[in-house]
Amino acid sequence: MKYWLMKSEPSVYSIDDLKRDGKTAWEGVRNYQARNFMRDEMKVGDPVIFYHSNAKPSGAAGVGKIAKEAYPDSSAFDKSSHYYDERSTREKPLWFMVDVAYVASFAEVLPLAAIKADTELDGIMVARTGSRLSVQPLSKAHFERICKLGGIDSTN
């Protein structure tokens, strides 16, 4: 099992949207490293920290889990989509997505400033200057610490 942090702008799709929907396709990732994490490493059941980016405050908002392993991102084939990519075809898809299911919400967003200040989260990718990757691996210890700070028992 691997652990992940996945970013979404809450004005686009929030933890509350995921709670309402139960699960969602994580479409529109257009970074090769993030795509590779989803395509090659994510497995059903892997836990996810759902992170609100470009928010006030930006931070960890809750927990999800991978509900479906990688499959071609159909938004890349849709000319009307913001995520359209003419280089990606159904025969040779360039972009992939996974399904993410809702697990729990934190009572409050755990701000990035609190993540950066916590010594048990030293080395976490999201706290690095210039780290904008929307899909990031987490250590088990970092996942469990964020859950604890967010008020959720990660062992359930």
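pLDDT is the predictor's confidence in each residue, on a scale from 0 to 100. Helices (H or I, at least four residues) and strands (E, at least two) are DSSP runs, numbered from the N terminus. The structure is a predicted model, in which local features need pLDDT of at least 70 and side-chain atom pairs count only at pLDDT 80 or more, while totals for chains, interfaces and linings use all residues. Residues are numbered from 1 along each chain as its sequence is written, and side-chain values use heavy atoms, without hydrogens or water.

The protein has an average pLDDT of 94, and 99% of the residues score at least 70. Confidence is highest in helix α1 (residues 15–21), at 98, and lowest in helix α3 (residues 112–117), at a mean of 95.

The largest nonpolar core (buried Ala, Val, Leu, Ile, Met, Phe, Trp, Tyr and Cys residues joined through side-chain atoms within 4.5 Å) has 20 residues, and Met6, Trp26, Met38, Met42, Val98 and Val135 have the most contacts inside it. Its largest share, three residues, comes from α2. A second, separate core of 18 residues includes Ala60, Val63, Ile115 and Leu138.

Helix α2 merits a closer look. Its buried residues (under 20% relative accessible area, with a 1.4 Å probe and protein chains only) are Ala34, Arg35, Phe37 and Met38. Seen down the axis of α2, these residues fall within an arc of 155 degrees, so they line one face of the helix; the arc is that of the directions from the helix axis to the C-beta atoms. The buried residues of α2 pack against β1, β4, β5 and β6 (135–138), with contact meaning heavy atoms within 4.5 Å.

Methods
Buried means under 20% relative accessible area, exposed over 50%, partly exposed in between (1.4 Å probe, protein chains only).
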